[in-house]
Amino acid sequence: AFNGTWKVDRSENYDKFMEQMGINVMKRKLAEHDNLKMTIEQTGDKFHIKESSTFRTKDIEFTLGVQFEYALADGTEVSGTWELEGETMRGRFARKDNCKVLTTSRTLVGGELVQCYNYEGVDAKRIFKKQ
Ligand code: MYR
């Protein structure tokens with residue numbers, strides 16, 4: 001159901017979330033307009049995601065429930081897993097630099113893909129439209 005190409009349409013509280021992550025104001029301004037696009041290809045419990053933004057293009061592969069490493073666009077390295085809970089993908093990732101946990105989820109709401117983020121008490125959302 002997540003398969004397809006998703007382009008970010010709007011964000012909620014994303015600036016505050018990035019601030020909590022320790023990202024400086026200049027990078028935050030650029031990140032607000034990153035034109036993030038994700039092409040998601042799910043085959044069974046395996047996912048292949050092609051991520052592209054004004055920062056980079058990146059290929060990500062993971063299996064549900066299996067730990068993997070990922071570097072955020074600002075270089076912050078995290079390690080964790082995605083799980084499927086009903087129709088919702090739930091991710092739990094620990095930063096390698098401080099061991100603090102970032103949780104995230106992906107769910108489909110009215111034809112849009114809603115990705116929620118939480119880090120140290122701050123929640124944000126990014127909402128994607130299918131291309
Ligand atoms: C993926 O499924 O796209 C790869 C794994 C995602 C890991 C967690 C993503 C959190 C991204 C937060 C961006 C925050 C920038 C401060």
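## Who sits around the ligand

A residue counts as near the ligand if one of its heavy atoms lies within 4 Å of it. On that basis 16 residues surround the ligand, the closest being Ile-23, Ile-49, Phe-62, Trp-82 and Arg-106. Keep in mind that this is a predicted model, where local features need pLDDT of at least 70, side-chain atom pairs count only at pLDDT 80 or more, and totals for chains, interfaces and linings use all residues. Residues are numbered from 1 along each chain as its sequence is written, and side-chain values use heavy atoms, with hydrogens and water left out.

Sorted by class, that shell has 15 nonpolar residues, no polar ones and one charged one (Ala, Val, Leu, Ile, Met, Phe, Trp, Tyr, Cys and Pro count as nonpolar, Asp, Glu, Lys and Arg as charged, and the others, Gly among them, as polar).

## Oxygen partners

Now for the ligand's oxygens. A polar side-chain atom of Arg-106 is 2.7 Å from one ligand oxygen atom, and a side-chain N or O atom of Trp-82 is 2.9 Å from a ligand oxygen atom.

## Where the shell comes from

Helix H1 (14-20), strand E4 (57-63), strand E5 (68-71) and strand E8 (101-109) each give two or more residues to the shell; helices (H or I, at least four residues) and strands (E, at least two) are DSSP runs, numbered from the N terminus. H1 supplies the largest share, three residues.

Technical notes
Polar contact = N/O pair within 3.5 Å; in protein donor to acceptor, adjacent residues only side chain to side chain.
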